[in-house]
Amino acid sequence: MLSNLAGDEKRTSLHGHWSSRMAFILAVTGSAVGLGNIWKFPYMAGQNGGGAFVLVYLVCVVVIGMPVMMSEILIGRRGRRNPVATMELLGREEGSSVHWRVVGAMGVLAGILILSYYSMIAGWTLAYIGKSASSSFAGASATAVAAHFGEFVGDWKTVVFWHTIFMSLCVFVVARGVERGLEQAVRFMVPALLILMLVLLGYSISTGFFSQGVAFMFTADFDKLGWGGVLAALGQAFFTLSIGMGAIMAYGAYLPEETSITGSAAAVVTADTSIAILAGLAIFPLVFANGLDPAEGPGLVFQTLPLAFGQMPGGVFFSTIFFVLLAFAAWTSAIGLMEPGVAFIVEQYHRTRAQATIIVGGLIWFIGLGSALSFNVLKDTKFLAGTFFDNVDYLTSNIMLPLGGLLITIFAGWVMCRNSTSDELGGSGSLYSAWRILARFIAPIGILFVLINAVT
Ligand code: PHE
């Protein structure tokens with residue numbers, strides 16, 4: 001079917017547009033680089049045996065993550081609305097069904113659920129800024145740092161307090177509009193984070209355990225992985241790239257017509273993956289040097305890094321800066337998690353941006369209480385995948401995001417006609433053909449294969 005966009009070329013977004021290609025790349029990188037790279041990636045790799053997980057994750061990023069990201073951006077830019085309305089509009093325009101809006105709705109829900117626990121972890125990083133600055137960790141032993149963490153998350157009032165502070169920060173920024181302020185934050189945050197990771201890496205190398213860390217990360221032993229681990233790696237690829245839930249689609253809606261989607265996606269994927277690998281390379285040698293357990297779980301980064309900083313010259317300074325940057329990284333990601341829901345409420349229910357943000361933020365805060373309590377009051381209340389937090393994490397990363405990605409690639413690869421997609425991706429060269437093969441066959445079949453094997 002031919003695209004009927006002709007005559008409607010100047011479709012614009014209600015929420016404004018990015019000021020430049022760089023602004024868009026910065027915003028998407030800001031959304032992608034976050035707790036997923038520094039907090040989640042190392043502990044997931046640790047829990048799933050290291051090398052094999054990392055390898056599967058890298059393959060997923062390239063052959064599935066990249067085409068899904070490109071599909072999301074092109075769908076977003078073509079629709080120029082919130083993910084629900086965009087999927088509905090394009091579904092109709094491409095002669096398929098308005099029910100494609102369900103994919104957008106699932107994304108809105110996934111964003112809300114992810115941010116509910118993401119905000120709690122971001123709250124931990126806020127608390128650790130203060131702890132670092134007051135040199136709580138200077139010269140501390142591994143047991144002391146671990147005990148400190150245990151005590152901290154064990155106190156529900158403190159965890160809820162920091163979760164509340166972080167959600168307030170998100171509501172504040174999102175209510176003011178995405179462009180202002182945020183672009184600036186990402187501009188210095190990502191390079192600064194990169195530099196600090198290099199400092200940490202330098203320290204890790206000096207511990208003498210670097211080769212052990214490298215071996216753990218890059219020696220693939222597939223016996224330890226299993227299909228559950230493969231699904232976790234796929235889920236991590238989606239989570240870290242912010243794909244499968246409409247965040248990138250929402251950002252794509254504000255993308256100027258002439259910007260290259262392939263180039264932007266490649267830049268973001270490269271930056272995001274490099275930061276995750278660097279984080280792993282910095283953290284695992286520290287784990288082995290201090291006799292810690294790589295399968296420690298969500299507390300891993302909060303136990304290894306303060307320990308390393310505590311022993312490093314200038315540690316108080318570096319540690320404080322590190323947690324400030326991590327909080328910023330979480331902040332710029334959290335905004336991407338809220339954007340689909342907020343844009344949806346503004347457009348659908350004709351609320352002001354401020355009202356929509358408060359409604360969505362309040363809901364997220366409330367659901368987040370379940371995760372905040374999962375580390376203390378409710379830590380022994382387990383069902384299905386574990387605690388409330390474990391369940392929300394499993395449901396979103398391992399089911400909702402891959403499912404969203406599957407449907408998005410099917411939509412872009414099969415439902416949208418060739419003219420529409422080549423129009424957005426610019427031409428019909430070999431890059432376009434590669435995208436089309438990945439989006440039509442490799443990515444959907446790969447996702448389906450992993451999902452089926454992991455749940456049966
Ligand atoms: N990619 C972010 C991170 O790695 C998390 C995120 C997921 C942000 C989905 C937006 C949308 O921390």
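**Figure 1. Salt bridge between Glu-339 and Arg-353.** In this predicted model, Glu-339 and Arg-353 form a salt bridge in which the closest N and O atoms are 2.7 Å apart. The pair links distant parts of the chain, with Glu-339 placed in helix H14 and Arg-353 in helix H15 (residues 353-373), 14 residues apart. Both partners, Glu-339 and Arg-353, are buried.

**Figure 2. Helix H14 and its bend.** Helix H14 runs over residues 315-349, and because its 35 residues should span 51 Å at 1.5 Å a residue, the 50 Å between its end C-alpha atoms agrees with that expectation. Along this helix there is a bend of about 35 degrees at Met-338, and Pro-340, a proline, follows within four residues. Most of H14 is covered, with 27 of its 35 residues buried. After the helix comes His-350, which has a positive phi near 50 degrees.

**Figure 3. Leu-109 and Met-338.** The residue at the bend of H14, Met-338, is shown here with Leu-109, which lies in helix H5 (residues 101-133). Although 229 residues separate Leu-109 and Met-338 in sequence, their C-alpha atoms are 9.9 Å apart in space. Leu-109 has a relative accessibility of 44%, and therefore counts as partly exposed, a class that lies between under 20% for buried and over 50% for exposed.

**Figure 4. Surroundings of the ligand.** The ligand is surrounded by 14 residues, of which the closest are Ala-32, Gly-36, Tyr-118, Phe-239 and Ser-242. Polar backbone atoms approach the ligand at several points: one of Ala-32 is 2.9 Å from an oxygen atom of the ligand, and one of Gly-36 is 2.8 Å from an oxygen atom of the ligand. In addition, a nitrogen atom of the ligand lies 3.1 Å from a backbone N or O atom of Thr-240. On its own the ligand has 330 Å² of accessible area, and the protein covers 100% of this area.

**Figure 5. Salt bridge between Glu-257 and Arg-80.** Side chains of opposite charge can pair when their charged atoms come close. In the pair shown here, Glu-257 forms a salt bridge with Arg-80, and the closest N and O atoms are 3.1 Å apart. This pair links distant parts of the chain, 177 residues apart: Glu-257 is in the loop between helix H11 (247-252) and helix H12 (261-289), whereas Arg-80 is in the loop between helix H3 (51-79) and helix H4 (83-93). Glu-257 is partly exposed, with a relative accessible area of 38%, whereas Arg-80, with a relative accessible area of 4%, is buried.

**Figure 6. Salt bridge between Glu-88 and Arg-101.** The side chains of Glu-88 and Arg-101 meet in a salt bridge, with an N to O distance of 3.2 Å. Because Glu-88 lies in helix H4 and Arg-101 in helix H5, the pair ties together parts that are 13 residues apart in sequence. Glu-88 counts as partly exposed at 22% relative accessibility, and Arg-101, with a relative accessible area of 31%, is also partly exposed.

**Figure 7. A network of salt bridges.** Arg-77, Arg-78, Asp-423 and Glu-424 are linked to one another in a network of salt bridges. A search of the whole structure finds nine salt bridges.

How values were computed
Residues numbered from 1 in each chain as written. Predicted model: local features only at pLDDT ≥ 70, side-chain atom pairs only at ≥ 80, totals over all residues. Heavy atoms only, no water. Helix = DSSP H or I, 4+ residues; strand = E, 2+ residues; numbered from the N terminus. Expected span 1.5 Å × (residues − 1). Bend = angle between axes of the 7 residues up to and from the residue. Buried < 20%, exposed > 50% of the residue type's maximum accessible area, 1.4 Å probe, protein only. Near = heavy atom within 4 Å. Polar contact = N/O pair within 3.5 Å; in protein donor to acceptor, adjacent residues only side chain to side chain. Areas by Shrake-Rupley, 256 points an atom, 1.4 Å probe, with all protein chains shown as cover. Salt bridge = Lys/Arg side-chain N within 4 Å of Asp/Glu carboxyl O.
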